[in-house]
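Got the model open? Let's go through some of its side chains together, one question at a time.

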Amino acid sequence: MPVLQKRKNFSIRNNANVRRIIHRDARAEGVTYIDEKGEEHLQPANIVVLAAWTPQNTRLLLLSKIGAPYDPQTGKGTLGRNLTHQVAAASRALVVSDKPLNGFMVSGAVGYSFADFDGDRNLDPAWRILRGGTFNRGAPPGSLPIATFGRTPGLSKRDWGSEWKKASIQTWDRIISGSGFRGDHLAYRQNYMDLDPTYTDKYGDPLLRMTLDWTEHEQRQFEFGSRIATEVSKAVARVAGLKAIEPNRPLERRRYNASQYNTTHIQGGVIMGSSSDRSVLNPWLQHWQVPNLWITGSCAFPQNSSANPTLSIVAITIRAADAIVERYLKHEGPLA
Amino acid sequence: MRIRRREFISIPVYALGSQLVGRAEVPLRFFTAAEAEVIQAASARIFPSDENGPGATEAGVVIYIDRQLAGPYGRDKYRYTKGPWVESVPEHGYQGKENPRQIYRQGIEKLGNFVTLTHEQQDERLMGIENTMFFRLLRTHTIEGMFCDPMHGGNRDMVGWKLIGFPGPVMSYRDELEPFLGKPYRVKPKSLEQIVGHPVKVMEDEKD
């Protein structure tokens, strides 16, 4: 932004909310937005680039009635389909160090990651899963007291009071964070986004509705991810001469939980593809029906890979920007 | 907010070496004095002051909670609160109509004559409400008030950070990382204001 701001032909509107993409005869003419004073404006445009993150990209296209909304009953329509998230699991074993770890010194660069089970690599058929995932431990913020105080494995009956306080002071900065698991999430017919029939935003526009739940395949991925991550924790404990505490109870089946943080990697809805009847965008992130409308972000990914998507998002965005400048501006029209 | 005379909560003040030197009268923004005393007493049972060090009373947890409830968090500025209100599955998270202020007021009412009870009786009363939204919030906020940056009203004199050995929001540990490998790094903590060298605006002071 500081680089762009030096340009005379660049301006930025902070605290503005785009409500609609205005279009006529397969051409985007601009956007309407509400500024910070609550006034609505029309911003004309030759090219519109939508870069508002997966849910809002999808919602703005639905609100602007650009493209055919996906219908999970018939499988027809492309806008909103292939909604995916990441399949996250973690080690179930807790390893408590015998001395303080100075965990607050941790930074991103101290993390690790291994891809031995990524995609379909090294997948034992006994797991009965199609895709595995990445195992990693980043923990960039380190041992932040509010987030990490109060874990007292087997040391106190309640999670408050004197006994809990004593145990928590002992264990804080001694719990060795277990490995995490990020699994591929495949797209399913029944997982999609549409406009909510009931709830609206402050302007009266429908909110986006996400319909998403874990299938038997993801339940097995949770089992797989937890098991391997737990083995890593136990190996760490063995090497360090410590004890790994592992719960006896089986892993609970999970439903998709919108109330807990599960990475920000919500993807799909405005997917790229090789034909206009199965995808919203062509391989250049150009809208199949509206060639001067470009949409960036992981909403374009038809499937959700275990790796975090930022680098891939940047790559396809640079590719799209390059296509706009080098090809589209020279000859306006569909690039595929 | 209704207009009322200014009310205060009394917080113990300690000098170096945990010598009680007096009490500070801190003006309240949301609670009445009577409500603040109930919250002070209840948070002190969650995080007691005992032989293992100071607790919620010394940290001023009640002041932290009072400021949060008076600010945008207390009135649910950041939660979607347009109806219709429907019962939902736990996976959708808290769907109740009550904002944190209302949850606290209702919870305080249920605690009744809490401040007149013995510690044992107080614990028993809290065990009876352990699974309520009010208690879960109070427990979370007590931990926050113990370990927040002091600019938010809790963690007074950084008692919470000193208790566990957290050095504060230090920007980098490049020079300490290796020398302290396997050794506890325990220094006098620094608050964000001490580190950046100027006052910092806090979210809970925002008017709207």
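Q: Is B:F147 buried or exposed?
A: Keep in mind that this is a predicted model. The relative accessible area of B:F147 comes to 2%, and the cut-off for buried is under 20%. So B:F147 is buried.

Q: Which residue forms an aromatic pair with B:F147 that is edge-to-face?
A: The partner's ring sits 6.0 Å from that of B:F147, centre to centre, with 70° between the planes. Planes over 60 degrees apart count as edge-to-face, so this pair fits that label. The partner is B:F47.

Q: How many residues apart in sequence are the parts that B:F47 and B:F147 tie together?
A: B:F47 is in the loop between helix 1 (33–46) and helix 2 (56–59) of chain B, while B:F147 is in helix 6 of that chain. B:F47 is buried, at 0% relative accessibility. Because of where the two residues lie, the pair ties together parts whose separation in sequence is 100 residues.

Q: What kind of aromatic pair do A:F149 and A:W164 make?
A: Searching the whole structure turns up 29 aromatic pairs over all chains. For A:F149 and A:W164, the ring centres are 5.6 Å apart and the planes stand at 90°. A:F149 belongs to the loop between helix 3 and helix 4 of chain A, and A:W164 to helix 4, 15 residues apart. With the planes at that angle, the pair is edge-to-face.

Q: Which residues do ring pairs link into a cluster with A:F104?
A: The cluster has members from chain A and from chain B. Going through it from A:F104, the others are A:W172, B:W161, B:F166, B:Y173, B:F180 and B:Y185.

Q: Which residue of chain B meets A:D159 in a salt bridge?
A: Side chains of opposite charge can pair when their charged atoms come close. Here the N to O distance is 2.4 Å. A:D159 lies in the loop between helix 3 (145–148) and helix 4 (162–171) of chain A and its partner in helix 6 (residues 133–147) of chain B, so the pair joins two chains. That partner is B:R136.

Q: What is the N to O distance in the salt bridge between A:R255 and A:D213?
A: A:R255 sits in the loop between strand 13 (244–245) and strand 14 (293–295), and A:D213 in the loop between strand 12 (206–211) and helix 5 (216–240), so this salt bridge ties together parts of chain A that are 42 residues apart in sequence. A:R255 is partly exposed at 48% relative accessibility, and A:D213 is partly exposed at 22%. From N to O, the distance is 3.1 Å.

Q: How many salt bridges does a search of the whole structure find over all chains?
A: One of them is between B:D175 and B:R174, at 3.9 Å from N to O. Also, A:R19, A:R20, A:E40 and A:D205 are linked in a network of salt bridges. Over all chains, the search finds 25.

Q: Which ring does the charged end of A:R254 sit over?
A: The charged end of A:R254 is 3.8 Å from the ring centre. Elsewhere, A:R319 lies over the face of A:W284, at 4.0 Å from the ring centre. For A:R254, the ring belongs to A:F222.

Key: Residues are numbered from 1 along each chain as its sequence is written. Chains are lettered from A and ligands numbered from 1 in the order in which they are written. This is a predicted model: local features need pLDDT of at least 70, side-chain atom pairs count only at pLDDT 80 or more; totals for chains, interfaces and linings use all residues. Side-chain values use heavy atoms; hydrogens and water are left out. A salt bridge is a side-chain nitrogen of Lys or Arg within 4 Å of a carboxyl oxygen of Asp or Glu. Helices (H or I, at least four residues) and strands (E, at least two) are DSSP runs, numbered from the N terminus. Buried means under 20% relative accessible area, exposed over 50%, partly exposed in between (1.4 Å probe, protein chains only). Rings of Phe, Tyr and Trp (its six-membered ring) pair if their centres lie within 6.5 Å; planes under 30 degrees apart count as stacked, over 60 as edge-to-face and the rest as tilted. A charge sits over a ring if NZ of Lys or CZ of Arg is within 6 Å of the ring centre and within 35 degrees of the ring normal.
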